[in-house]
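Me: I am new to this structure. Please take a close look at one part of it, then show me what surrounds that part.

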Amino acid sequence: MNFKASNIFDLIIIGGGAAAFTAAIFAARRKLNVLVLAKEIGGQAALTSAIENYPGIVEPLDGITLIRRFRLQAEKFGAKVNVEEVTNVRKSEEEFFVTTPQGEYRAVSVIAAFGLTPRDLGVAHEAEFKGRGIFYSMAIEDSTLVVGKQVAVVGGGNSALEAALRAVHDAARVYLIHRRNEFRGEAILIERVTHEPRIVLRLNSTVLDVAGDDRLHSVTIADSADASHKEELAIDHLVVAIGFGVDARCIRSVVELTERDEIIVDEVGKTTVPGFFAAGDATMIRDKQLIISAGEGAKAALSAYQYFVAVKGLKPLGPDWTVKVRI
Ligand code: NAP
């Protein structure tokens with residue numbers, strides 16, 4: 001296949017969150033020709049209205065603003081950013097081919113940093129109301145969608161707690177539905193939720209069904225231990241926040257995954273395939289935190305740069321970080 005020169009890169013980074021843009025900053029500063037392909041900009045951070053634990057961000061900042069700054073910084077150093085969803089990655093002897101609905105791109109190496117995809121509730125009729133009353137996250141910009149609405153949030157982790165706290169400012173009513181009687185989110189968020197009188201808790205409760213016409217109108221819940229104890233809630237906006245998984249379909253044929261579909265990486269972001277690197281929440285790293293994803297993105301970019309200069313027979317620019325200092 002003939003490739004337009006404009007579709008050929010040194011490095012393609014898949015993802016639009018902290019790991020992807022940090023990798024882009026580090027690679028572009030080493031003068032690699034970098035393309036970032038992001039299904040959407042923001043990643044998990046976009047779901048957080050107040051980032052309070054990222055060093056240097058003293059005044060709480062919403063996640064999407066922070067990630068937009070990451071993007072600007074990557075572009076400032078020359079990375080190209082296209083909002084396109086990667087549907088397939090394949091490898092030839094020497095290069096990778098990355099396909100999106102808009103075209104096909106070629107690169108010497110790839111960093112997969114596409115994060116996580118929200119889990120479905122798994123109830124009947126859920127698919128009918130996706131985007132028509134059922135949503136799988138609640139970014140700060142979505143707050144306008146809940147103005148005056150009857151809102152329910154499902155889940156007991158940080159995402160659900162944050163979504164409920166965000167919705168409460170604008171919604172007419174917010175239910176927080178959780179299958180157990182204990183939340184698993186951060187203590188500070190649990191405290192805020194339990195002290196917020198406008199959040200109506202439905203603990204030990206499981207969603208049984210959703211109903212409506214052209215839009216969602218109600219959610220039926222039941223006691224987690226006794227499904228015959230049911231309650232029908234009038235809800236027009238349901239936020240499903242029950243965790244995330246890796247959607248590895250586009251890279252499954254190229255790279256080795258764990259049984260949970262997480263990308264297997266070593267401590268410097270190398271996968272089992274030479275030239276293919278990965279970083280952030282899509283990998284097997286334990287902690288899903290913004291700062292850790294950013295750090296892993298930087299490591300993967302340095303590994304990709306090292307690979308690039310080795311493949312091209314070039315002399316690395318700048319200090320040789322491969323020299324290990326032993327104490
Ligand atoms: P999570 O921590 O995995 O929590 C998922 C919640 O959904 C759990 O409470 C779980 O119940 C519940 N759940 C799972 N499957 C369910 C099902 N089929 N039906 C009903 N409920 C179900 O997910 P998350 O809240 O999205 O957080 C993901 C990661 O991002 C975490 O590491 C979190 O700390 C991080 N995060 C951090 C921040 C922050 O630092 N401010 C903000 C957002 C997210 P059980 O508790 O019973 O298992």
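Reply: **One strand residue and its surroundings**

Leu216 sits in strand 13, which covers residues 216–223. Strands here are DSSP runs of E with at least two residues, helices are runs of H or I with at least four, and both are numbered from the N terminus. This is a predicted model, in which local features need pLDDT of at least 70, side-chain atom pairs count only at pLDDT 80 or more, and totals for chains, interfaces and linings use all residues. Residues are numbered from 1 along each chain as its sequence is written, and side-chain values use heavy atoms, with hydrogens and water left out.

Is Leu216 buried or exposed? Leu216 is buried, at a relative accessible area of 0%. Buried means under 20% relative accessible area, exposed means over 50%, and partly exposed lies in between (1.4 Å probe, protein chains only).

What does Leu216 touch? Set aside neighbours within four places in sequence. Leu216 then has contacts with Phe129, Arg132, Gly133, Ile134, Val210, Ala211, Ile235, Asp236, His237 and Leu238. A contact means heavy atoms within 4.5 Å. Glu128 is 88 residues from Leu216 along the chain, yet 8.9 Å separates their C-alpha atoms.

Now for strand 1. Ile13 belongs to strand 1, residues 8–14. Its relative accessible area is 0%, so Ile13 is buried. Beyond four places in sequence, Ile13 meets Ala20, Ala23, Ala24, Val34, Leu35, Val36, Leu37 and Ile111. Ile51 is another matter: Ile13 and Ile51 are 38 residues apart in sequence and 24 Å apart in space, C-alpha to C-alpha.

Phe9 is in strand 1 too. Phe9 is buried, with a relative accessible area of 5%. Outside the four-place window, Phe9 touches Asn33, Val34, Leu35, Lys80, Tyr105, Arg106, Ala107 and Val108. Phe9 and Phe96 are 87 residues apart along the chain, and their C-alpha atoms lie 10.0 Å from each other. Val34 appears among the contacts of Ile13 and among those of Phe9.

Next come the helices. Helix 3 runs over residues 158–167; 8 of its 10 residues are buried, so the rest of the structure largely encloses this helix. Those buried residues are Ala160, Leu161, Glu162, Ala163, Ala164, Leu165, Arg166 and Ala167. They pack against strand 9 (150–154), strand 10 (173–177), helix 4 (187–194), strand 11 (199–202) and strand 15 (237–240).

Helix 5 spans residues 290–312, 23 in number. From first C-alpha to last, helix 5 reaches 33 Å, close to the 33 Å expected at 1.5 Å a residue. That expected span is 1.5 Å times one less than the number of residues. After helix 5 comes Gly313, with a positive phi near 65°.

The loops hold positive phi values as well. Most residues other than glycine have a negative phi. Lys31 is not a glycine, yet its phi is positive, about 70°. Lys31 lies in the loop between helix 1 (18–29) and strand 2 (34–38). Lys31 is exposed, at 65% relative accessible area. Asp261 also has a positive phi of about 70° and is not a glycine. Asp261 is in the loop between strand 16 (244–245) and strand 17 (276–278). At 19% relative accessibility, Asp261 counts as buried.

Thr258 is placed in the loop between strand 16 and strand 17. Thr258 counts as buried, with 17% relative accessibility. Past its neighbours within four places, Thr258 contacts Ile264 and Met284.

Finally, step back to the whole chain. The protein chain has 5 helices and 17 strands. Its radius of gyration is 22 Å, close to the 20 Å that the globule rule gives for 327 residues, so the chain is as compact as a globular protein of that length. That radius is taken over C-alpha atoms, and the rule is 2.2 Å times the number of residues to the power 0.38. Along the principal axes, the C-alpha atoms fill a box of roughly 70 × 45 × 35 Å. Buried residues make up 49% of the 327 in the chain. Of the contacts between residues at least 6 apart in sequence, 58% join residues at least 24 apart.
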